[in-house]
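User: Could you take a close look at one strand in this model for me, and at what surrounds it? I'd like the buried side as well as the surface side.

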Amino acid sequence: MKPAHLLFSALALLLCASTVSAGEYYAGLRGGSASSGIDSASLTAALQARGHNVTATVDDRSAGGTLYLGRQLTPQFSLELGFGQIGDYNLAVSGSAANPAQFRADLAELQPISGYAISAIGRVKKPLVGRLSVVLRAGLLGWNSQSDFTSGGVTTSLDDEGFGGTLGVGLDLALTQALHLGLGWELMVPDTDGATTQFNGGVE
(Lines give C-alpha, C1' and ligand atoms only; values in the text may rest on other atoms or scores of the structure.)
Protein backbone atom coordinates (compact mmCIF):
# COMPACT_ATOMS: atom_id res chain seq x y z
CA MET A 1 0.00 0.00 0.00
CA LYS A 2 1.59 3.25 -1.11
CA PRO A 3 2.05 6.02 1.49
CA ALA A 4 -0.19 8.36 -0.53
CA HIS A 5 -2.99 5.78 -0.43
CA LEU A 6 -2.58 5.38 3.33
CA LEU A 7 -2.72 9.14 3.81
CA PHE A 8 -5.80 9.52 1.63
CA SER A 9 -7.57 6.70 3.48
CA ALA A 10 -6.69 8.18 6.86
CA LEU A 11 -8.07 11.59 5.85
CA ALA A 12 -11.26 9.99 4.55
CA LEU A 13 -11.74 8.14 7.84
CA LEU A 14 -11.20 11.34 9.82
CA LEU A 15 -13.85 13.10 7.75
CA CYS A 16 -16.42 10.33 8.21
CA ALA A 17 -15.65 9.53 11.86
CA SER A 18 -18.52 11.69 13.13
CA THR A 19 -21.01 9.64 11.07
CA VAL A 20 -19.99 6.31 12.65
CA SER A 21 -22.30 5.31 15.48
CA ALA A 22 -20.11 5.18 18.58
CA GLY A 23 -20.39 1.88 20.47
CA GLU A 24 -22.07 0.15 17.50
CA TYR A 25 -20.19 0.40 14.19
CA TYR A 26 -16.74 1.83 13.54
CA ALA A 27 -14.18 2.06 10.73
CA GLY A 28 -10.41 2.22 10.93
CA LEU A 29 -7.04 2.04 9.25
CA ARG A 30 -3.81 0.36 10.42
CA GLY A 31 -0.56 0.84 8.53
CA GLY A 32 3.15 0.46 9.12
CA SER A 33 6.35 -1.49 8.49
CA ALA A 34 6.08 -5.19 7.59
CA SER A 35 8.82 -7.84 7.73
CA SER A 36 8.50 -11.26 6.11
CA GLY A 37 10.87 -13.12 8.43
CA ILE A 38 12.36 -14.84 5.35
CA ASP A 39 15.82 -13.57 4.45
CA SER A 40 18.08 -14.31 1.50
CA ALA A 41 20.03 -17.06 3.28
CA SER A 42 16.99 -19.00 4.50
CA LEU A 43 15.21 -18.86 1.12
CA THR A 44 18.37 -19.91 -0.73
CA ALA A 45 18.85 -22.86 1.66
CA ALA A 46 15.22 -23.95 1.28
CA LEU A 47 15.40 -23.86 -2.53
CA GLN A 48 18.73 -25.70 -2.62
CA ALA A 49 17.30 -28.36 -0.28
CA ARG A 50 14.73 -29.05 -3.00
CA GLY A 51 17.46 -29.57 -5.60
CA HIS A 52 17.63 -26.12 -7.22
CA ASN A 53 21.14 -24.76 -7.80
CA VAL A 54 20.18 -21.13 -7.21
CA THR A 55 20.89 -18.15 -4.96
CA ALA A 56 18.01 -15.94 -3.84
CA THR A 57 18.16 -12.29 -2.75
CA VAL A 58 15.22 -10.94 -0.73
CA ASP A 59 14.41 -7.44 0.45
CA ASP A 60 12.20 -8.59 3.33
CA ARG A 61 10.90 -5.22 4.58
CA SER A 62 7.95 -3.40 3.12
CA ALA A 63 4.91 -1.30 3.97
CA GLY A 64 1.59 -2.91 4.82
CA GLY A 65 -1.80 -1.83 6.02
CA THR A 66 -5.45 -2.74 6.56
CA LEU A 67 -8.73 -0.90 6.21
CA TYR A 68 -11.43 -2.41 8.44
CA LEU A 69 -15.05 -2.12 9.53
CA GLY A 70 -16.09 -3.31 12.98
CA ARG A 71 -19.19 -3.83 15.05
CA GLN A 72 -19.17 -3.56 18.84
CA LEU A 73 -21.02 -6.58 20.28
CA THR A 74 -20.30 -5.95 23.97
CA PRO A 75 -18.50 -3.07 25.75
CA GLN A 76 -15.19 -4.96 25.40
CA PHE A 77 -15.65 -7.31 22.41
CA SER A 78 -16.16 -6.58 18.72
CA LEU A 79 -15.85 -8.24 15.31
CA GLU A 80 -13.90 -6.70 12.41
CA LEU A 81 -13.77 -7.36 8.67
CA GLY A 82 -10.70 -5.98 6.91
CA PHE A 83 -8.98 -5.68 3.55
CA GLY A 84 -5.34 -4.75 3.17
CA GLN A 85 -1.85 -5.40 1.90
CA ILE A 86 0.41 -7.85 3.73
CA GLY A 87 3.60 -6.57 2.11
CA ASP A 88 5.41 -6.07 -1.19
CA TYR A 89 8.87 -7.63 -1.30
CA ASN A 90 11.62 -7.54 -3.94
CA LEU A 91 12.98 -10.96 -4.95
CA ALA A 92 15.85 -11.85 -7.33
CA VAL A 93 17.19 -15.32 -8.20
CA SER A 94 20.42 -16.34 -9.92
CA GLY A 95 21.59 -19.81 -10.95
CA SER A 96 19.86 -22.68 -12.74
CA ALA A 97 16.96 -25.04 -12.10
CA ALA A 98 16.84 -28.52 -13.62
CA ASN A 99 13.04 -28.38 -13.68
CA PRO A 100 11.81 -24.81 -14.31
CA ALA A 101 8.14 -25.68 -13.71
CA GLN A 102 8.91 -27.31 -10.35
CA PHE A 103 11.18 -24.40 -9.45
CA ARG A 104 8.35 -21.92 -10.03
CA ALA A 105 6.03 -24.01 -7.86
CA ASP A 106 8.62 -24.29 -5.06
CA LEU A 107 9.45 -20.59 -5.20
CA ALA A 108 5.76 -19.65 -5.06
CA GLU A 109 5.42 -21.79 -1.92
CA LEU A 110 8.61 -20.70 -0.15
CA GLN A 111 8.78 -16.99 -1.03
CA PRO A 112 7.68 -14.27 1.43
CA ILE A 113 3.92 -13.86 1.29
CA SER A 114 3.01 -10.52 -0.26
CA GLY A 115 -0.12 -9.13 -1.84
CA TYR A 116 -3.59 -8.64 -0.42
CA ALA A 117 -5.62 -10.25 2.34
CA ILE A 118 -9.20 -10.28 3.63
CA SER A 119 -9.50 -10.79 7.39
CA ALA A 120 -12.18 -11.66 9.93
CA ILE A 121 -11.01 -10.77 13.44
CA GLY A 122 -12.31 -10.80 16.98
CA ARG A 123 -11.12 -7.86 19.09
CA VAL A 124 -10.99 -7.48 22.86
CA LYS A 125 -10.36 -3.99 24.27
CA LYS A 126 -9.72 -3.58 27.99
CA PRO A 127 -9.31 -0.18 29.70
CA LEU A 128 -5.91 0.47 31.30
CA VAL A 129 -5.96 4.00 32.66
CA GLY A 130 -7.90 7.09 31.65
CA ARG A 131 -8.51 7.04 27.90
CA LEU A 132 -5.85 4.37 27.26
CA SER A 133 -6.85 0.75 26.56
CA VAL A 134 -5.03 -2.46 25.61
CA VAL A 135 -6.26 -4.20 22.45
CA LEU A 136 -5.97 -7.91 21.57
CA ARG A 137 -6.87 -9.23 18.11
CA ALA A 138 -7.12 -12.79 16.76
CA GLY A 139 -8.70 -14.13 13.60
CA LEU A 140 -8.48 -15.66 10.15
CA LEU A 141 -7.26 -14.27 6.85
CA GLY A 142 -7.47 -15.31 3.24
CA TRP A 143 -4.61 -14.04 1.12
CA ASN A 144 -3.68 -13.73 -2.53
CA SER A 145 0.03 -13.32 -3.21
CA GLN A 146 1.06 -11.62 -6.44
CA SER A 147 4.78 -11.01 -6.74
CA ASP A 148 7.59 -10.79 -9.28
CA PHE A 149 11.06 -12.30 -9.25
CA THR A 150 14.00 -11.45 -11.49
CA SER A 151 16.35 -14.07 -12.92
CA GLY A 152 18.87 -13.47 -15.70
CA GLY A 153 17.41 -10.05 -16.37
CA VAL A 154 13.93 -11.54 -16.95
CA THR A 155 11.05 -10.70 -14.59
CA THR A 156 8.46 -13.42 -13.97
CA SER A 157 5.20 -13.16 -12.03
CA LEU A 158 4.20 -15.63 -9.32
CA ASP A 159 0.68 -16.13 -7.99
CA ASP A 160 -0.31 -18.03 -4.86
CA GLU A 161 -3.22 -18.00 -2.42
CA GLY A 162 -4.38 -19.61 0.79
CA PHE A 163 -5.72 -19.16 4.29
CA GLY A 164 -3.99 -18.45 7.59
CA GLY A 165 -4.30 -16.78 10.95
CA THR A 166 -3.43 -13.45 12.53
CA LEU A 167 -2.67 -12.30 16.08
CA GLY A 168 -2.15 -8.76 17.31
CA VAL A 169 -1.65 -6.66 20.42
CA GLY A 170 -1.66 -2.91 20.80
CA LEU A 171 -2.70 0.25 22.62
CA ASP A 172 -5.73 2.43 21.91
CA LEU A 173 -6.01 6.10 22.88
CA ALA A 174 -9.49 7.66 22.77
CA LEU A 175 -9.14 11.28 21.68
CA THR A 176 -12.92 11.64 21.58
CA GLN A 177 -15.81 9.17 21.79
CA ALA A 178 -15.70 8.67 18.01
CA LEU A 179 -11.98 9.17 17.24
CA HIS A 180 -9.20 6.83 18.44
CA LEU A 181 -5.47 6.47 17.72
CA GLY A 182 -3.67 3.14 17.97
CA LEU A 183 -0.19 1.62 18.09
CA GLY A 184 0.41 -2.10 17.77
CA TRP A 185 2.17 -5.25 16.58
CA GLU A 186 0.62 -7.94 14.38
CA LEU A 187 1.65 -11.46 13.36
CA MET A 188 0.22 -12.93 10.15
CA VAL A 189 0.82 -16.65 9.59
CA PRO A 190 -0.09 -18.06 6.15
CA ASP A 191 -0.59 -21.77 5.47
CA THR A 192 2.96 -22.06 4.08
CA ASP A 193 6.42 -21.60 5.58
CA GLY A 194 7.25 -18.26 7.13
CA ALA A 195 5.23 -15.48 8.71
CA THR A 196 4.89 -11.72 8.43
CA THR A 197 5.12 -9.30 11.32
CA GLN A 198 3.96 -5.71 11.23
CA PHE A 199 4.50 -2.73 13.52
CA ASN A 200 1.72 -0.28 12.85
CA GLY A 201 -0.11 2.84 13.83
CA GLY A 202 -3.78 3.45 13.23
CA VAL A 203 -6.81 5.67 13.40
CA GLU A 204 -10.48 4.76 13.82
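Analyst: One term before we start: a nonpolar patch here joins Val, Leu, Ile, Met, Phe, Trp or Tyr side chains within 5 Å, taking residues with over 30% relative accessible area and no salt bridge. Keep in mind that this is a predicted model.

The strand to look at is β9, residues 180-189, and H180 sits in it. H180 counts as buried because its relative accessibility is 12%, under the 20% cut-off. Its side chain makes a polar contact with the side chain of D172, at 2.8 Å. Setting aside neighbours within four places in sequence, H180 also touches L173, A174 and L175, along with K125. G202, V203 and E204 are on that contact list too.

Now go along to W185, also in β9. W185 is partly exposed, as its relative accessible area is 32%. Together with L136, V169 and F199, W185 forms a nonpolar surface patch, and the four share about 380 Å² of accessible area.

What about the nonpolar interior? The largest core has 11 residues, among them I38, L43, V54, V93 and F103. Helices α2 (40-49) and α3 (100-110) each give two or more residues to that core, and so do strands β2 (53-59) and β5 (90-96). There's a second, separate core of 6 residues, and M188 is one of its members, as are I86, I113 and A117.

So, back on β9: H180 is buried at 12%, while W185 is partly exposed at 32%.

Methods:
Residues are numbered from 1 along each chain as its sequence is written. This is a predicted model: local features need pLDDT of at least 70, side-chain atom pairs count only at pLDDT 80 or more; totals for chains, interfaces and linings use all residues. Side-chain values use heavy atoms; hydrogens and water are left out. A nonpolar core is a set of buried Ala, Val, Leu, Ile, Met, Phe, Trp, Tyr and Cys residues joined through side-chain atoms within 4.5 Å. Buried means under 20% relative accessible area, exposed over 50%, partly exposed in between (1.4 Å probe, protein chains only). Helices (H or I, at least four residues) and strands (E, at least two) are DSSP runs, numbered from the N terminus. A polar contact is a pair of N or O atoms within 3.5 Å; within protein, one must be able to donate a hydrogen and the other to accept it, and residues adjacent in sequence count only if both atoms are side-chain atoms. Contact means heavy atoms within 4.5 Å. Patches are made of residues with over 30% relative accessible area and no salt bridge: like charges are joined within 9 Å, nonpolar side chains (Val, Leu, Ile, Met, Phe, Trp, Tyr) within 5 Å. Accessible areas come from the Shrake-Rupley method with a 1.4 Å probe; for residues, only the protein chains shown count as cover. A salt bridge is a side-chain nitrogen of Lys or Arg within 4 Å of a carboxyl oxygen of Asp or Glu.
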